[in-house]
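Here's a quick briefing to read alongside the model. Have the viewer open and follow along.

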Amino acid sequence: MTQSWQNDPMRTQYEEQGYLIARNVLDESLVAEAAAHVEWLLKRHPDLRPEQLGHTLVADDPFWVRLVSDERLLDIAAKFIGEDIALFASHYICKPPGDGQAVLWHQDGSYWPLDPMRVVSLWLAVDESTPENGCLRVIPGSHRESLKELQPRADGTNVLGSGLDIDAVQAKRAVDLRLSPGDVSIHHPNIIHGSEPNTSSRWRRGLTIRYIPTSTRITTPKPWPCAFLLRGKAVPGVNDYLPRPPFDPSKHSPSRMLGSPGVNG
Ligand SMILES: O=C(O)CCC(=O)C(=O)O
């Protein structure tokens, strides 16, 4: 049976180009809450660079779990992976003015313990994201290439500590994903992408969210730190999912949508 999402124009672009942009997905007030969440995380983890607010922090963070469960985001993910959806990972990559690090060219799937590699990434813009402040850049069509081995780059000045060498012809084809707050870009696990340092006087804050269908197995021997069932049904025996963390205003980031006292609606 053909499902309605199989003929969706977003899916056609994803299949042809490996990426696309969805405009105005989240409203201003939720994006403002995400910005406040980043500020709260940075105060709570002064030891972490702002590009490194990563997936090990999600499990005890009710706002984060609620944000990635937003129906508008899940409706997009469902177009690419179907209606049984789990969170695999999520990471704020926030580049401070004049200091934010580059993300070297890479294919996400090279890093991930997933079998099969069915996964879709959504990248939510918290700030205006432009070439000046280090927006995401993709090489259209490169999602058709197989996953390549990572090359370590341990000079400490890039976010991933590894990257791919690509030739000048391919680099010339790169497209800047200019986004406004609340826009979302969507990309394939094999697409070659990266981003430049932030040379502007503005922050570039963005949230990556990796959604898998519940039929995709997380293959790490140890329990995975942020696997949550977000929509639909789990496939028995494939992954163990964490319980959603209950909101405790004395220890969690304040949030209007979680009903924090003192946050005016
Ligand atoms: O935020 C960035 O600059 C890079 C993000 C990225 O590589 C990803 O979402 O896979």
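With 12 C-beta neighbours inside 10 Å, N24 counts as exposed (a residue is exposed if 12 or fewer other C-beta atoms lie within 10 Å of its own, buried if 20 or more do, and partly exposed in between, with C-beta atoms placed from the backbone). One thing to keep in mind is that this is a predicted model, where local features need pLDDT of at least 70, side-chain atom pairs count only at pLDDT 80 or more, and totals for chains, interfaces and linings use all residues. Numbering starts from 1 along each chain as its sequence is written.

**Backbone oddities**
- N24 sits in the loop between β1 (19-22) and α2 (28-44), and it has a positive phi of about 50° despite not being a glycine.
- G82, just after α4, also has a positive phi, of about 90°.
- Going from D115 to P116, the peptide bond is cis, with omega near -5°; P116 belongs to the loop between β4 (114-115) and β5.

**Overall build**
- The protein has five helices and 14 strands, which are DSSP runs numbered from the N terminus (H or I of at least four residues for helices, E of at least two for strands).
- For 265 residues, a compact globule would have a radius of gyration near 18 Å, and the protein agrees at 18 Å (taken over C-alpha atoms, with the globule rule being 2.2 Å times the number of residues to the power 0.38).
- The C-alpha trace spans about 55 × 50 × 35 Å along its principal axes.
- Some 39% of the 265 residues count as buried.
- Take contacts between residues at least 6 apart in sequence: 84% of them join residues at least 24 apart (a contact means C-beta atoms, placed from the backbone, within 7 Å).

**The core, and V120 in it**
- Nonpolar side chains tend to be buried together in soluble globular proteins.
- Here the largest nonpolar core has 61 residues, and A77, L87, F88, L122, L124 and Y211 touch the most other members (such a core is a set of buried Ala, Val, Leu, Ile, Met, Phe, Trp, Tyr and Cys residues joined through C-beta atoms within 7 Å).
- Strand β2 (residues 85-95) gives this core its largest share, eight residues.
- In helix α4 (residues 71-81), the buried residues are L73, I76, A77, A78 and F80.
- V120 is part of strand β5 and counts as buried, with 22 C-beta neighbours inside 10 Å.
- V120 and A77 are 43 residues apart along the chain, but their C-alpha atoms are separated by 6.8 Å.
- Beyond four places in sequence, V120 is in contact with A77, F80, I81, I186 and Y211.
- With the same four-place exclusion, Y211 has contacts including A77, L87, F88, V120 and L122.

**Ligand shell**
- Which residues are around the ligand? They are I93, V103, D108, S121, W123, L136, H193, S195, G206 and T208, where near means a C-beta atom, placed from the backbone, within 6 Å.
- β5 (120-125), β11 (193-195) and β12 (204-213) each provide at least two of the shell residues.
- The class split is four nonpolar, five polar and one charged (Ala, Val, Leu, Ile, Met, Phe, Trp, Tyr, Cys and Pro are nonpolar, Asp, Glu, Lys and Arg charged, and the others, Gly among them, polar).

**A four-strand sheet**
- An open sheet runs β3-β11-β6-β9 with antiparallel pairing (strands pair if DSSP finds at least two bridges between them).
- β3 (103-106) and β9 (175-176) are at the edges with a single partner strand each, so one side of each lacks a neighbour in the sheet.
- V103 has S195 in β11 as its bridge partner.

Notes:
Two residues are in contact if their C-beta atoms, placed from the backbone, lie within 7 Å.
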